[in-house]
Amino acid sequence: MKKEDKAVIIKNIAETISKYNGFYLVETAGLNAEKTAEFRRACFNADVKLLVVKNSLLHKALESMDADYSELYSALHGATSLICTNVGNAPAKLLKDFVKKGDTLPALKGAYVEETVYLGADQLDTLASIKSKNELIADVVALLQSPAKNVVSALQSGATKLHGILETLSNKEN
């Protein structure tokens, strides 16, 4: 491959990574054609981008970017697939589904999610439990609404009691 072609590929990989909030490095070398197609379909349905990349080109793409990805360089061995995502836990959940089926591959090598580096397949449960930005916002909104609902409920029950007391007093005077 010519040097110019490599430079274009490195630039494309870097641009792809920069478009997403996070990415996963996954081992897919041992998958047969059927499992590979199933994995690609699952990635498409989960709205994540799957790229099979050459480790040296991915390494150069990561070096060319502003953030420090040096901790992930040790995971760049063997066949590597790059999964880019805007929802940090989506690929982890996808990989866990494959593990539940009894598949050993695809296996997590490393990930960069929410500005944190995760290395090794043992981090899969941790990554799957990370809440996405939208889930965190929903939790905060629910927490903020809870006290307001209690106040409204108390006011409504107080109004009912007050109405009952006033009605009783008005009936006594007659």
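Here are some worked exercises on the predicted model shown above.

Before starting, note that local features in this predicted model need pLDDT of at least 70 and side-chain atom pairs count only at pLDDT 80 or more, while totals for chains, interfaces and linings use all residues. Residues are numbered from 1 along each chain as its sequence is written, and side-chain values use heavy atoms, with hydrogens and water left out.

**Exercise 1. Salt bridges**

Find how many salt bridges the whole structure holds, and place the one formed by Lys 109.

Step 1. Start with the criterion: a side-chain nitrogen of Lys or Arg within 4 Å of a carboxyl oxygen of Asp or Glu. A search of the whole structure with this rule gives six salt bridges.

Step 2. Lys 109 pairs with Glu 27, and their closest N and O atoms are 3.7 Å apart. Lys 109 sits in strand E4 (residues 107-113) and Glu 27 in strand E1 (residues 22-27), so this salt bridge links distant parts of the chain, 82 residues apart. Helices (H or I, at least four residues) and strands (E, at least two) are DSSP runs, numbered from the N terminus.

Step 3. Check the accessibility, where buried means under 20% relative accessible area, exposed means over 50%, and partly exposed is in between (1.4 Å probe, protein chains only). Both Lys 109 and Glu 27 are buried.

**Exercise 2. Two further pairs**

Work out which elements are tied together by the salt bridges of Lys 101 and Asp 125.

Step 1. The partner of Lys 101 is Glu 38, with the closest N and O atoms 2.6 Å apart. Lys 101 lies in the loop between helix H4 (90-100) and E4, and Glu 38 lies in helix H2 (residues 33-45), so the pair ties together parts that are 63 residues apart in sequence.

Step 2. Lys 101 is exposed, at a relative accessible area of 51%, whereas Glu 38 is partly exposed at 22%. These two residues also belong to a network of salt bridges that links Lys 35, Glu 38 and Lys 101.

Step 3. Asp 125 forms a salt bridge with Lys 96, and here the closest N and O atoms are 2.8 Å apart. This pair links helix H5 (residues 124-129), which holds Asp 125, with helix H4, which holds Lys 96; the two residues are 29 residues apart. Lys 96 is partly exposed, at 26% relative accessibility.

**Exercise 3. The buried side of H3**

Which residues of helix H3 are buried, and where do they lie around the helix axis?

Step 1. Helix H3 covers residues 55-64, and its buried residues are Asn 55, Leu 57, Leu 58, Ala 61 and Leu 62.

Step 2. Viewed down the axis of H3, these residues fall within an arc of 160 degrees, so they line one face of the helix. The arc is taken over the directions from the helix axis to the C-beta atoms.

Step 3. The buried residues of H3 pack against helix H1 (3-18), E1, strand E2 (49-53) and strand E3 (80-85).

**Exercise 4. The surroundings of Leu 82**

Decide whether Leu 82 is buried or exposed, and list what it touches.

Step 1. Leu 82 lies in strand E3 and counts as buried, at 0% relative accessibility.

Step 2. Take contact to mean heavy atoms within 4.5 Å. Leaving aside neighbours within four places in sequence, Leu 82 is in contact with Ile 13, Ile 17, Phe 23, Tyr 24, Leu 25, Lys 49, Leu 50, Leu 51, Val 53 and Leu 58. Leu 58 is one of the buried residues of H3.

**Exercise 5. Backbone geometry**

Locate the cis peptide bond, then describe phi at Glu 114 and Glu 115.

Step 1. The cis peptide bond joins Leu 105 and Pro 106, with omega about 0 degrees. Pro 106 is in the loop between H4 and E4.

Step 2. Glu 114 has phi near 50 degrees, a positive value in a residue other than glycine. Its place is the loop between E4 and strand E5 (116-119), and Glu 114 is partly exposed at 46% relative accessibility.

Step 3. Glu 115, found in the loop between E4 and E5, has a positive phi near 60 degrees. Glu 115 is exposed, with a relative accessible area of 71%.
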